[in-house]
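Visitor: I'm new to protein structures and would like to learn how to read one. Could you walk me through it?

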Amino acid sequence: MITRIAILLGALFATSLASARVAVNEPAPDFTLTSSTSETISLSQYKGKMVILEWTNHLCPYVQKHYDSGNMQKLQKQYTDEGVVWLSIISSATGKQGYVTAAEANSLTENRNASPNYVLFDTDGKVGKAYGAQTTPHMYVIDKDGVLRYQGAIDSIKSANQADIVKAENYLTSAMQSLAKGEVVKRPVTAPYGCSVKYE
């Protein structure tokens, strides 16, 4: 009986995430979160700028693949240098894998030479669930008009092996290149891969 209830609850949770998932080519839901530097950050304050959202969990092997190789930092630097706003979001609940304090988040950013504009805390998971964030990493691209243009995996090879990075098509880069040219993103939705987001 308990097993059946657990299965039903899991199915309901998955359904709620699926129904909450935002749609590409539709306005991205606004949100307000606190950063690791104690600032209040809202998506709407970046209207007129491109925004990349990165759901992250530093203990996830799939996230580690992209940070230990320097791949994620390279992308962050490239796009923030171009004026794109990069927001790393942690939806791990208190006590769950990937949860960190502000000091720990700042230490991770420094030690990994990461360069997002902000690391944001979504401890109650409301923003992650509103966006249908399923994995770490899970990437989203929002254009200057506040419209979601890409959501899904960072690249095309679903592994935790660093060696696969150079073999893969980087979906994030492909989406950004298309948007820079004023073109439609060829694959606006891809299946994300990684660790499940550790919601409460």
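Visitor: Let's start with strands. How many bridges join strand β1 to strand β5, and do the two run parallel or antiparallel?

Guide: Keep in mind that this is a predicted model. Here, β1 (residues 32-35) and β5 (residues 118-121) are joined by two bridges, and they run antiparallel. To see the pairing on screen, find Thr-34 and look across to Phe-121 in β5, which stands opposite.

Visitor: What is the order of the strands in the open sheet?

Guide: Read across it like planks in a fence. The order is β2-β1-β5-β4-β3-β7-β8, which makes seven strands with mixed pairing. At the edges sit β2 (40-42) and β8 (148-152), each pairing on one side only. The sheet isn't flat like a real fence, though: from one strand to the next the twist averages 30 degrees.

Visitor: Which strands does α3 touch where it packs on the sheet?

Guide: Look for β3 (51-55) and β4, since α3 touches both. The direction of α3 makes about 140 degrees with that of β4.

Visitor: Now for the gaps. How do you find empty space in a protein?

Guide: Rolling a probe the size of a water molecule over the atoms reveals where space is left empty. In this model, a search of the whole structure turns up one cavity of 30 Å³ or more. The space in that largest cavity comes to about 120 Å³.

Visitor: Which residues lie nearest the centre of the largest cavity?

Guide: Those are Thr-56, Ile-90, Thr-109, Arg-112 and Val-119, out of 16 lining residues. The helix α4 gives the most to this lining, with three residues. Sorted by class, the lining has eight nonpolar, seven polar and one charged residues.

Visitor: And what about pockets? What is the volume of the largest pocket?

Guide: About 380 Å³. Its lining takes in 21 residues, with Met-50, Asp-143, Met-176, Leu-179 and Ala-180 nearest the centre. Two elements, α3 (71-81) and α6 (171-180), each give two or more residues to that lining. The largest share, five residues, comes from α6. By class, the lining of the largest pocket divides into nine nonpolar, six polar and six charged residues.

Visitor: How much space lies in the second largest pocket?

Guide: About 170 Å³. Try clicking on some of the residues that line the second largest pocket, including Glu-169, Tyr-171, Lys-181 and Arg-187. Its lining divides into three nonpolar, three polar and five charged residues.

Definitions and conventions. Residues are numbered from 1 along each chain as its sequence is written. This is a predicted model: local features need pLDDT of at least 70, side-chain atom pairs count only at pLDDT 80 or more; totals for chains, interfaces and linings use all residues. Side-chain values use heavy atoms; hydrogens and water are left out. On a 1 Å grid over the protein atoms alone, a cavity is a set of points where a 1.4 Å probe fits but cannot get out, and a pocket is an open set with protein on both sides within 12 Å along at least five of seven lines; lining residues have an atom within 4 Å of a point. Grid points are joined across faces, edges and corners, and a volume is the space filled by probe spheres set on the points. Helices (H or I, at least four residues) and strands (E, at least two) are DSSP runs, numbered from the N terminus. Ala, Val, Leu, Ile, Met, Phe, Trp, Tyr, Cys and Pro count as nonpolar, Asp, Glu, Lys and Arg as charged, and the others, Gly among them, as polar. Two strands pair if DSSP finds at least two bridges between them. Axes are lines fitted to C-alpha atoms, for helices over the stretch in contact, and angles run from 0 to 180 degrees between N-to-C directions. Contact means heavy atoms within 4.5 Å.
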